[in-house]
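Please look at how the aromatic side chains are arranged in this model, which is a predicted one. The points below are grouped by topic.

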Amino acid sequence: MIVLNIIGNLDDLINENIVNKRKDLHDIQMQAINTLMQNCMNDSNIDYFEKWKIINNLNQCQKSNNIFTIIKGAFSKNSHLSMNELSSDWLLDFWEKAQNISDDEFQKIWSTVLETEAESPGKISKKLLHQLYLMDAEDAKNFVSFSRFCFGDGGRENRTLYHPIIFIKDNPSAYKALGLDSQILENLQANNLIQCDYSFGYCFNERKKFFYQKNYIVVSKEGNIPAGNIKLTKTGQDLMNLIIKSNNEQIFNYTIDSWAEYGCSIQLNNRIL
């Protein structure tokens, strides 16, 4: 009876939120649960022990919804997906962490994690799961944005390898205008996704192949080819292969121009620039 008094007419609560057509169902559900929690906390007729039980139940509803959304996302990409081959230890660890992920975009990454492990058991380490869990939604958004600066390795044996080409030490204002600054890089480094070297930077040997979107690039230079101040860690590389990578024509053109300024010869789609 107490719970009914708190919930009141749940249909009215949902309908009131549905007025805003732009809100998705997940947001509506979460808002409803949060409202019910507030109603519970503000009701002076309920003792603390009863409040704890009600809030715990609502919290479990939210966690269950999070897991359901992540599973649904994994199966929406592959309807024939099977979790029969997954390690029970890995799956328990995944459920324990995934139930606390409520951000829509971050849930998509966790859906991809589940899909990838189900297709290739053992591919996603518990270490990567733990690192993902330590990240918040803002960290994930920053990493997806950071991926715009990453070029795929053009070597046949390294198709899953990515290289951030970022000359931020020499041109901080230019990169800030492109949406990247030292604060974002410090955050990604704190999450063990990248390494930064602002003293000497990184480089490749005399000739290197890359791809970016549908572009195939060959960069060559006597001596070393400058690669900027950032490189991905093993965890960062693993995460790059899980996210939907973002691309940006302005960033691509700026990187090509930067290589040219450093004295590199460039072939773009078999055409010498």
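Ring pairs join Phe151, Phe204, Phe210, Tyr212, Phe252 and Trp259 into a cluster. The count of aromatic pairs in this predicted model comes to 15. Two of the pairs, and one contact between a charge and a ring, are set out below.

**The pair of tryptophan 90 and phenylalanine 94**

- The ring centres of tryptophan 90 and phenylalanine 94 lie 5.2 Å apart with their planes at 15 degrees, so this pair is stacked, given that planes under 30 degrees apart count as such.
- Both residues belong to helix 5 (residues 88-98), where tryptophan 90 and phenylalanine 94 are four residues apart and are therefore separated by about one helical turn.
- Tryptophan 90 counts as buried at 4% relative accessibility, and phenylalanine 94, with a relative accessible area of 0%, is buried as well.

**The pair of phenylalanine 167 and tyrosine 262**

- The rings of phenylalanine 167 and tyrosine 262 have centres 4.9 Å apart and planes at 50 degrees, so the pair is tilted.
- Phenylalanine 167 is in the loop between strand 2 (162-164) and helix 9 (172-177), while tyrosine 262 is in the loop between helix 12 (249-261) and strand 9 (265-268), so the pair ties together parts that are 95 residues apart in sequence.
- Phenylalanine 167 is buried, its relative accessible area being 3%, whereas tyrosine 262 is partly exposed, with a value of 29%.

**A charge over a ring**

- The charged end of lysine 97 sits over the ring of tyrosine 133, at 5.8 Å from the centre of that ring.

Technical notes: Residues numbered from 1 in each chain as written. Predicted model: local features only at pLDDT ≥ 70, side-chain atom pairs only at ≥ 80, totals over all residues. Heavy atoms only, no water. Phe/Tyr/Trp six-rings, centres within 6.5 Å; stacked < 30°, edge-to-face > 60°. Helix = DSSP H or I, 4+ residues; strand = E, 2+ residues; numbered from the N terminus. Buried < 20%, exposed > 50% of the residue type's maximum accessible area, 1.4 Å probe, protein only. Lys NZ or Arg CZ within 6 Å of the ring centre and 35° of its normal.
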